[in-house]
Amino acid sequence: MNGETLLRLEGVVRDYVLPRDSLFRAAPRFRALHGIDLEVRAGESFGIVGESGCGKSTLARAVLALETPSEGRIELLGEDLFALDAAKLRDMRRHMQMVFQDPYGSLDPRHKVGRIVAEPLDMLESGVSRDERAKRIADSLSRVGLKPVDADKYPHEFSGGQRQRIAIARALITHPKLIVADEPVSALDVSVQAQVLNLMTDLRRDQGLTYLFISHDLSVVRHVTDRVAVMYLGRVVEQGETAEVFADPRHPYTRALLDAVPRPDPSHFRHRHKIEGEATAQLGEPGDGGAEAGCPFAPRCANAEARCRAEEPPLEAKQGGRLAACHFV
C-alpha cells in the first residue's frame with residue numbers, strides 16, 4: 001500500500017421516498033445510509049461487514065455511481081463522481097469495476113465468455129482494434145487461471161468457481177484501480193471459496209488492485225482485508241485495522257457478531273455476547289416525527305442505559321485510535 005487515498009466518502013446519505021399511505025400525509029422516507037465517512041487507501045483491501053439490510057449493497061452502488069446520494073460527497077482518484085458530466089463519469093468508470101455475488105446470474109447465458117469478458121472494454125474504451133481486444137480478453141482470462149480458448153465457450157460449460165473467475169476477468173479487462181466485491185464467494189462451496197479468495201489476494205498483490213470487500217462472512221473478511229468497517233442500520237459503528245477489531249472489538253454489536261461465528265470450543269457459547277430481536281429500521285429521522293432518538297442499537301443492547309436511548313453516539317476515536325460509536329467504550 002502506498003498510503004494515498006483512492007476512495008473517499010464524506011457524509012454520504014441515501015434516502016428513499018416510499019409510497020404515501022394517505023393523500024394528506026407527506027410521503028414516508030427511509031434512510032438507508034446515515035452520513036457515512038470512509039477513506040480507502042490505494043492498494044488495500046477494505047472490508048464492509050454487517051447484517052443483511054444494514055446498507056452494505058446500497059453503499060456499494062453509491063461508490064459505483066449507480067445510486068446518487070441524497071447528501072454527501074464521493075471521490076475517486078480525487079474527483080467528485082457526482083460533479084462530473086456524463087462523458088467524464090463514463091471515463092471514470094474504467095477505474096472502478098464490480099464482482100457480483102452470483103457468478104451465474106451476472107453472466108449472460110446467451111453470450112460466449114469472450115463477449116462477456118469484453119463488455120466493459122466495448123462500452124468504456126473506444127478505438128480498441130480487434131486484435132487488441134482479443135489480446136486483452138486472452139490476458140484477462142489467463143490472469144484468473146483460465147485458458148484463452150475458454151473465450152469460445154458459454155457460461156454453462158463452467159463450474160461455479162470458474163464462472164466467478166470469468167466475472168473477475170471481466171472486472172480486470174479495463175485495468176481498474178478499484179474493484180467492489182459484493183459477497184463474491186458466498187454462493188460458492190467452501191473449498192472453491194478458498195481458491196477464489198487466494199486468486200483475489202494474488203491479483204491484488206500482482207496488479208496493485210484496491211478492494212472494497214463487502215461480506216457478512218467474518219472469517220472471509222478476516223482473511224482478505226486490511227481494515228474493516230462494521231455497519232448497523234446504515235451507520236458505521238466501528239472501524240479499524242481488521243486484526244485489531246477481531247482481537248478486541250469495542251462496540252457491543254461487533255462483539256455479538258464475532259461471538260456468533262461457530263467455534264469448536266463449547267465453552268465459547270456459554271460466555272458469548274448475545275443480542276435479542278432483529279435490526280428494524282424506522283422511517284424518518286429524529287425530530288421529524290419519525291425515528292426515535294438515541295443509539296440505533298440500544299433496543300438490542302444488553303448494556304444500554306438512559307443516555308443510549310436519548311443521545312446517538314458519534315463515530316469517534318477511542319483509546320488506541322479505534323473508531324467506535326458507543327457512549328461506554
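This tour moves through a predicted model, from the whole chain to selected helices, cores and single residues.

**The whole protein**

Begin with the full model in a secondary-structure representation. The protein comprises ten helices and twelve strands. It has 329 residues, of which 49% are buried. The exposed surface amounts to about 16500 Å², with carbon and sulfur atoms supplying 48% of that area. Contacts across the sequence may be considered next: among those between residues at least 6 apart, 64% join residues at least 24 apart.

**Helices H3 and H5**

Select residues 113-124, which form helix H3, together with residues 160-172, which form helix H5. Their axes come within 6 Å and cross at roughly 40°, and the crossing of H3 past H5 is right-handed. To display the contact, show the side chains of Val113, Ile116, Val117, Glu119 and Pro120 on H3, and those of Ile166, Ala169 and Arg170 on H5. Classified by residue type, this contact contains six nonpolar and two charged residues, with no polar ones.

**The largest nonpolar core**

Keep Ile166 selected and extend the view to the core around it. The largest nonpolar core has 35 residues, and the members that touch the most others are Leu141, Val144, Ile166, Ile168 and Leu203. Two or more residues each come from H3, helix H4 (130-143), H5, strand S7 (178-182), helix H6 (190-207), strand S8 (210-214) and helix H7 (218-224).

Which residues does Ile166 touch, once those up to four places away in sequence are set aside? They are Leu107, Val113, Ile116, Val117, Leu146 and Phe158. Of the residues just named, Val113, Ile116 and Val117 also belong to the H3 side of the helix contact.

Another core lies apart from this one; it has 33 residues, among them Leu9, Ile48, Ala60 and Ile74. In soluble globular proteins, nonpolar side chains tend to be buried together.

**Helix H1 and the residue after it**

Ala60 leads to the next selection, helix H1, at residues 56-63. This helix is mostly covered, with six of its eight residues buried. The buried positions are Lys56, Thr58, Leu59, Ala60, Ala62 and Val63.

Move on to Ala65, in the loop between H1 and strand S4 (71-76). Its phi is positive, about 60°, although Ala65 is not a glycine. Most residues other than glycine have a negative phi. Ala65 is counted as buried because its relative accessibility is 12%, below the 20% limit.

**Arg14 in strand S1**

Select Arg14 in strand S1, which spans residues 5-17. Is this arginine buried or exposed? Arg14 is buried, because its relative accessible area of 17% is under 20%. Displaying its surroundings, and leaving out residues up to four places away in sequence, shows contacts with Phe30, Arg31, Ala32, Leu33, Thr58, Glu67, Thr68, Pro69 and Ser70. Thr58 in that list is one of the buried residues of H1. For a distance across the chain, pick the C-alpha atoms of Arg14 and Ile36: the two residues are 22 apart in sequence, and the atoms are separated by 9.5 Å.

**Glu183 in a loop**

Proceed to Glu183, in the loop between S7 and H6. Glu183 is not a glycine, yet its phi is positive at about 50°. With a relative accessible area of 8%, Glu183 is buried.

**Val237 and Glu238 in strand S10**

The last stop is strand S10, residues 235-241, where Val237 is found. Val237 has 5% relative accessibility and therefore counts as buried. Excluding neighbours within four places in sequence, its contacts are Val230, Tyr232, His251, Tyr253, Leu315, Leu323, Ala324 and Ala325. How far apart are the C-alpha atoms of Val237 and Ala325? They are separated by 4.9 Å, although the residues are 88 apart along the chain.

Glu238 also lies in S10. Its relative accessibility is 0%, so Glu238 counts as buried. Finally, select Cys326: its C-alpha atom is 8.8 Å from that of Glu238, and the two residues are 88 apart along the chain.

Technical notes. Residues are numbered from 1 along each chain as its sequence is written. This is a predicted model: local features need pLDDT of at least 70, side-chain atom pairs count only at pLDDT 80 or more; totals for chains, interfaces and linings use all residues. Side-chain values use heavy atoms; hydrogens and water are left out. Axes are lines fitted to C-alpha atoms, for helices over the stretch in contact, and angles run from 0 to 180 degrees between N-to-C directions. Helices (H or I, at least four residues) and strands (E, at least two) are DSSP runs, numbered from the N terminus. A crossing is left-handed if the near helix is turned anticlockwise from the far one by less than a right angle, and right-handed if clockwise. Contact means heavy atoms within 4.5 Å. Ala, Val, Leu, Ile, Met, Phe, Trp, Tyr, Cys and Pro count as nonpolar, Asp, Glu, Lys and Arg as charged, and the others, Gly among them, as polar. Buried means under 20% relative accessible area, exposed over 50%, partly exposed in between (1.4 Å probe, protein chains only). Accessible areas come from the Shrake-Rupley method with a 1.4 Å probe; for residues, only the protein chains shown count as cover. A nonpolar core is a set of buried Ala, Val, Leu, Ile, Met, Phe, Trp, Tyr and Cys residues joined through side-chain atoms within 4.5 Å.
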